[in-house]
Amino acid sequence: MGRRRVGKAFGEMLRMVWARPVTVKYPFEPAKVAGRFRGKLDIDPAKCTGCGVCKNSCPAGVIEMVKIGTRKVGDREIENRRPVFDLYTCISCGQCVDDCRFGALKLTGDFELAVFDKESLVMKKALKIVE
Amino acid sequence: MSEEQDRELRKTGAGLMEYSPEGIMPFGPVHPSLKEPEYFSLLLEGEKIVDVQARIGYVHRGIERAGQDNTWIKNIYLFERVCGICSFAHSIAYSQAVEALSGFVVPKRGRYIRTIIAELERIHSHLLWLGLVGHWTGFDTLFMWIWKDRERVLDLIEAITGNRVHKSYSTLGGVRRDLPDGIAESMKKEMEFIQKRVDYYSELVRTEQTIVVRTRGVGRLSQDAARRLCPVGPLLRSTGISRDVRVEDPYAAYDEIVPEVKTSNEGDIASLLKLRLDEVADSCRMILEAMAKLPEGGYKIAFPRVVPRGDSVFHVEAPRGELFYFVRSAGSIKPSRVKIRTPTMANILAATEMLKGHTLADVPVVLTGMDPCFGCMDRLSVVEAGSGREWMMNGEQLRTFGIEYYSGKG
């Protein structure tokens, strides 16, 4: 009885045959991401002051403050610290970007985070600036 | 099975596994790729399902406990990861529970934006479910078409929030960013497109025999059973009981953008299909209405790190039904207790009721019908009542079995 009505979706099927392919040839062509896409984190070492707010705000515990030297304030020695990011565990939520009042952090559109070596995702860019 | 045998079985009280002569079967229920593995033991008489026992709790990840070690703001990103489909429902339920504790009022624009994203999420969740019903009934073409259309909603979500799944968009005191420029036009275009497609799919699932044969009269839940077992969301509404948190206890901007609560009286999978498609159409209308009424002004307020002492309960209508959050603060920078009740938890007993009286071939469709966050079907053990024989079928075998069983019956 039902057999007579099986071709209900036939018209749609024909339309789909002539429609543009949906598949993206991603590895061979660059994939597009939205403007607000939250990808790999990046830091501008010149703007970072080492305040450590990003470390306190990170829900995934990605950020570690590392001592890079000392500076003298009055007659006291104060440690200079800079953040080191373990991007392997980063969840790209962007809370550190929101909380950084110096605008040193930003999330880029880079999403290709598959690596052979976990260490290669540890970002130590901020350590290079020594005051 | 005779009446007497049935009574004997029930007298033992301990359930099906002990009734099996082979005793309790060791069973590895956790599948690493699945979010919510659940275990159903089916007692069969021939191929008819006589009784069902569900066992849950295999992926107890300790999220509620982990929440006690995180600060209030960090917890948004944690609780969002309870569910990969309705993540925004979790984040607004938690945020609003905390906002209610501290007494801060979110700006109107922020509440409107929350409503828009919550409804976009409902559309994508319902379309995902509809595609899965297509898949489990052997109508994979429908699955492909619907998931193709769903991509457009996900692209829209990505354009607004920056991510397709874990949106990380709601924050304490509002939303994290304003809507991007020029989103109104693309939103209008996409919503009109979705509405057109929903009309087409409504007609298709009503008349296409591939779907009708597998869904009409299958997985029927009576209103009495619904009252007894207390399911939530579309499953409850499909039995004719009109319950919707968005209407009964409006949150975000639902007091101004009023949803139309859809119900149906059949209580089977076919009526669930229609119901969810109607809800998608209604969500499209609500999004367009919210975009038209979108007020100017701020979208978030500064929120303090410390939340005052007290208890707070908040519930929202997630795509699958009522999602419930209990938050307790001891007046510090961390919550002292958070309790979550997800909709699938409430629906699981109703799903076991829906399975009774149907055949083994209907199991995938019925279990998908309750929208169980994927995981339920991949692990099933089957107990044959006569011989006590017990064997296992995985999701794919069961799907093939269902399609073969029904081929030639359409």
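In which loop of chain B is the place of S168(B)? In this predicted model, S168(B) sits in the loop that lies between α7 (140-161) and β3 (170-171) of chain B. Its backbone deserves attention, since S168(B) is not a glycine and yet has a positive phi of about 45°. The residue counts as buried because 23 C-beta neighbours lie inside 10 Å, where the cut-off for burial is 20 or more.

A252(B) can be read alongside it. Phi of A252(B) is likewise positive, near 45°, in a residue other than glycine. This alanine is placed in the loop between α12 (245-248) and α13 (269-293) of chain B. A252(B) has 24 C-beta neighbours inside 10 Å and therefore counts as buried.

A positive phi also occurs at G103(B), where the value is about 80°. G103(B) comes just after α5(B), the helix formed by residues 87-102 of chain B. This helix has 16 residues and reaches 23 Å from its first C-alpha to its last, close to the 22 Å expected at 1.5 Å a residue. Because 14 of its 16 residues are buried, α5(B) is largely enclosed by the rest of the structure.

The surroundings of this helix lead to the nonpolar interior. The largest nonpolar core has 103 residues, and those with the most contacts inside it are A89(B), A93(B) and V316(B). Helix α6 of chain B, residues 108-136, gives the most to this core, with 13 residues. Domain 1 (3-59 + 345-406) and domain 2 (73-310) of chain B each supply at least three residues to this core. Beyond its neighbours within four places in sequence, A89(B) is in contact with A118(B), E121(B), V316(B), A318(B) and L323(B). A second, separate core has 14 residues, among them I43(A), C96(A), C100(A) and L105(A).

The domains of chain B may be considered next. Chain B is divided into domain 1, made of 3-59 and 345-406, and domain 2, covering 73-310. Their contact takes 20 residues from domain 1 and 25 residues from domain 2. On the domain 1 side, α14 (343-355), α15 (363-369) and α16 (395-406) of chain B each supply at least two residues. Of the contributors to that side, α14(B) gives the most, with six residues. By class, the side of domain 1 that touches domain 2 comprises eleven nonpolar, four polar and five charged residues.

Chain A has three helices and five strands, and from the N terminus on its elements run α-β-α-β-β-α-β-β. The radius of gyration of chain A is 24 Å, well over the 14 Å that the globule rule gives for 131 residues, so the chain is more spread out than a compact globule. Along its principal axes, the C-alpha trace of chain A spans about 95 × 30 × 25 Å. Buried residues make up 18% of the 131 residues in this chain. Among contacts in chain A between residues at least 6 apart in sequence, 72% join residues at least 24 apart.

Finally, the two chains meet. The contact takes 18 residues from chain A and 20 residues from chain B. On the side of chain A that touches chain B, the residues divide into eight nonpolar, four polar and six charged.

Terms used. Residues are numbered from 1 along each chain as its sequence is written. Chains are lettered from A and ligands numbered from 1 in the order in which they are written. This is a predicted model: local features need pLDDT of at least 70, side-chain atom pairs count only at pLDDT 80 or more; totals for chains, interfaces and linings use all residues. Two residues are in contact if their C-beta atoms, placed from the backbone, lie within 7 Å. Ala, Val, Leu, Ile, Met, Phe, Trp, Tyr, Cys and Pro count as nonpolar, Asp, Glu, Lys and Arg as charged, and the others, Gly among them, as polar. Helices (H or I, at least four residues) and strands (E, at least two) are DSSP runs, numbered from the N terminus. The expected span of a helix is 1.5 Å times one less than its number of residues. A residue is buried if 20 or more other C-beta atoms lie within 10 Å of its own, exposed if 12 or fewer, and partly exposed in between; C-beta atoms are placed from the backbone. The radius of gyration is taken over C-alpha atoms; the globule rule is 2.2 Å times the number of residues to the power 0.38. Domain bounds come from an automatic or database domain assignment. A nonpolar core is a set of buried Ala, Val, Leu, Ile, Met, Phe, Trp, Tyr and Cys residues joined through C-beta atoms within 7 Å.
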